[in-house]
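Welcome! Here is a short tour of a fold, taken one piece at a time. Please have a look at the structure first.

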Amino acid sequence: MKFFIDTAKIEEIREAKMMGLVDGVTTNPSLVSQTGRTFEEVVRDIVAEVDGPISLEAVSTQAEEIIAEGRKLATYGKNVVIKCPLTVDGLKACRALTSEGIGVNVTLCFSPSQALLAAKANATYISPFIGRLDDISHHGMELVRQILTIYRNYQFKTQVLVASIRHPLHVVEAALLGADVATIPFAVIKRLVNHPLTDVGIERFLKDWQKVPG
Ligand code: E4P
């Protein structure tokens, strides 16, 4: 499973990269707004740092406008992927952009039928938002399982990118199901590392090391 980092903060990307955990990056308007920087500054820094796919979200809502915005965003780098919303216009834009060789991440997916349409529109990635489904008492990971089954039934090439991840178990479950990608907030990446027995073990080894005659 590929690890994308779900952030627009360059310092988080750099630190996760040092741990070998940045196969790609996903951003969205909310994440960019949290940086307090201009979109241009944010994107230029990320493109200079990351070789893997970088998802940048189109904020237009009409197909022709999404297509024009996507073409413009794609000029930032060959590895830029355009996030199109899972709407009629977003699907039209997805089909048009992918036919031009521009990668598309169809975002805000909340049902298997939506995911099926994204695959038919040649999406590079489909992003089921599992945390937001859990928030309203739906089983987000069940959606991932259904999408994977449908895509495998028909050998769709669209990659399943598990998004809206809130905690380590989401990552583990995505991996158990065989999702192609998980996009993970930096805070969750750090929580994936931690285990209390690791901390206790280090403390005990360091204490015992002091007793070794030297
Ligand atoms: C990623 O592509 C999504 O924009 C992101 O995972 C959404 O996460 P959230 O539901 O925590 O905002």
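## Where the strands meet

Let's begin with one pair of residues: Ile-5 has Ile-184, in strand 8, as its bridge partner. Keep in mind that this is a predicted model. Strand 1 (residues 2-6) and strand 8 (residues 181-184) run parallel and are joined by 4 bridges.

In general, the strands of a sheet pair through backbone hydrogen bonds, in either a parallel or an antiparallel way.

## The barrel

How many strands does the closed barrel have? There are 8, in the order 1-2-3-4-5-6-7-8, and their pairing is parallel. From one strand to the next, the twist averages 30 degrees.

## A helix across two strands

Now for a helix beside the strands. Helix 5 (residues 88-99) lies across both strand 4 (80-85) and strand 5 (103-109). Relative to strand 4, helix 5 runs at about 155 degrees.

## Two helices that pack together

Next, turn to helix 6 (residues 112-120) and helix 8 (residues 140-154), which pack at an angle of about 40 degrees with their axes 9 Å apart. Because of that angle, helix 6 is oblique to helix 8. The two helices, 6 and 8, cross in a right-handed way.

Which residues make this contact? Helix 6 brings Pro-112, Ala-115, Leu-116, Ala-118 and Ala-119, and these meet Leu-143, Gln-146, Ile-147, Ile-150 and Tyr-151 of helix 8. Sorted by character, the residues in the contact of helix 6 with helix 8 are 9 nonpolar and 1 polar, with no charged ones.

Methods:
Residues numbered from 1 in each chain as written. Predicted model: local features only at pLDDT ≥ 70, side-chain atom pairs only at ≥ 80, totals over all residues. Heavy atoms only, no water. Axes fitted to C-alpha atoms, helices over the stretch in contact; angles between N-to-C directions. Parallel < 35°, antiparallel > 145°, perpendicular 65-115°, else oblique. Left-handed = near helix turned anticlockwise from the far one by under 90°. Contact = heavy atoms within 4.5 Å. Nonpolar A, V, L, I, M, F, W, Y, C, P; charged D, E, K, R; others polar. Pairing = 2+ DSSP bridges.
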